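Here is a short report on one protein model. Keep the sequence and the 3D view open while you read.

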Amino acid sequence: MKNNKSIGLFLKYTTYVAILFGIFIIQNTPILLEIMGIKPNLLYVCAIAIAMFEGEFIGGIFGIVVGMFCDLGSYNIFGFNSIFLLIVCVAIGLAFIYFMKNSKTNLLIMTSLTLLSRALIEFFFVYVIWNLEDVNNILIHQLLPTALYSLIFAIPIYILIEKIYFFYGEKYNFD
């Protein structure tokens, strides 16, 4: 029985990684999903959905993995996304274990808070700190639209992660 659960967990986490790798390819393909120079951050949405279902430990691990994917595809300092997503995914995992209920509304709230806080942190530590000109245009025309555009994909990604979570849970009798 234990071996059967181990195989189920391995398959579930491998499926998550395959989905993350596919989303990474889609997200970093030029022109794909791009509207007026704005691309959604689908990996963040996926990491939040995984943390909601899997809890703080697995959520934190996937937060680090997703953060590394994001660091590879961005111009930020390497490790920024990994550390940020580790903290956020652990906090979201704990919040959904002890305080909150898994729902699409809560996903949208957590995703919007995460994406907006990331946009503001990036805005202050990458643009404002160097006293660049027209930093407000970067915030209004690049960072905030990216966060809002990412929210459009939150529900479909949530449904996908939910189906995978319950499929493997029913098939391998996870408690």
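Contact here means heavy atoms within 4.5 Å. By that test, Leu 20 touches Leu 43, Cys 46, Ile 50, Phe 62, Val 66 and Phe 69, leaving out residues up to four places away in sequence. Note that this is a predicted model.

**The cores**

Leu 20 belongs to the largest nonpolar core, which has 39 residues. Leu 20, Leu 43, Cys 46, Ile 92 and Ile 161 have the most contacts inside this core. Helices α1, α2 (42-54), α3, α4, α5 and α7 (154-171) each supply at least two of its residues. The largest share comes from α2, with 12 residues. A second, separate core has 6 residues. Among them are Ala 119, Phe 123, Tyr 127 and Leu 139.

**Helix α3**

Helix α3 covers residues 56-72, 17 residues in total. Does the length of this run fit the spacing of a helix, and what should its span be? At 1.5 Å a residue, the expected span is 24 Å. The end C-alpha atoms of α3 are 24 Å apart, so the two values agree. The buried residues of α3 include three that touch Leu 20: Phe 62, Val 66 and Phe 69. Also buried in α3 are Ile 58, Gly 59, Gly 60, Gly 63, Gly 67, Cys 70 and Asp 71.

**The largest pocket**

The largest pocket holds about 790 Å³ of space. It is lined by 30 residues, and those closest to its centre are Gly 73, Ser 74, Tyr 75, Arg 118 and Glu 122. Two or more lining residues come from each of α1 (2-28), α3, α4 (80-98), α5 (104-127) and α6 (135-151). Helix α5 gives the largest share, 8 residues. By type, the lining divides into 16 nonpolar, 10 polar and 4 charged residues.

**Single residues**

The table sets out five residues, with their place and relative accessibility.

| Residue | Place | Relative accessibility |
|---|---|---|
| Asn 106 | helix α5 | 16%, buried |
| Thr 146 | helix α6 | 19%, buried |
| Ser 117 | helix α5 | 27%, partly exposed |
| Ile 31 | loop between α1 and α2 | 69%, exposed |
| Leu 33 | loop between α1 and α2 | 27%, partly exposed |

Start with the buried pair. Why does Thr 146 count as buried? Buried means under 20% relative accessible area, and Thr 146 has 19% relative accessibility, so it counts as buried. Leaving aside neighbours within four places in sequence, Thr 146 is in contact with Ile 38, Lys 39, Pro 40 and Asn 41. Asn 106 also counts as buried, because its relative accessibility is 16%. Asn 106 touches Phe 96, Met 100 and Lys 101, again not counting residues up to four places away.

Next comes Ser 117, in helix α5. Ser 117 and Ile 38 lie 79 residues apart in sequence. Their C-alpha atoms are 18 Å apart in space.

Finally, look at the loop between α1 and α2, where Ile 31 is placed. Phi of Ile 31 is near 75 degrees, a positive value in a residue other than glycine. Leu 33 has its place in the loop between α1 and α2 too. Phi of Leu 33 is near 65 degrees, also positive in a residue other than glycine. Ile 31 is exposed, with a relative accessible area of 69%. Leu 33 is partly exposed, at 27%.

How values were computed
Residues numbered from 1 in each chain as written. Predicted model: local features only at pLDDT ≥ 70, side-chain atom pairs only at ≥ 80, totals over all residues. Heavy atoms only, no water. Helix = DSSP H or I, 4+ residues; strand = E, 2+ residues; numbered from the N terminus. Expected span 1.5 Å × (residues − 1). Buried < 20%, exposed > 50% of the residue type's maximum accessible area, 1.4 Å probe, protein only. 1 Å grid on protein atoms, 1.4 Å probe; cavity = no way out; pocket = protein on both sides within 12 Å on 5 of 7 lines; lining within 4 Å. Points joined across faces, edges and corners; volume = space filled by probe spheres on them. Nonpolar A, V, L, I, M, F, W, Y, C, P; charged D, E, K, R; others polar. Core = buried A, V, L, I, M, F, W, Y, C linked by side-chain atoms within 4.5 Å.
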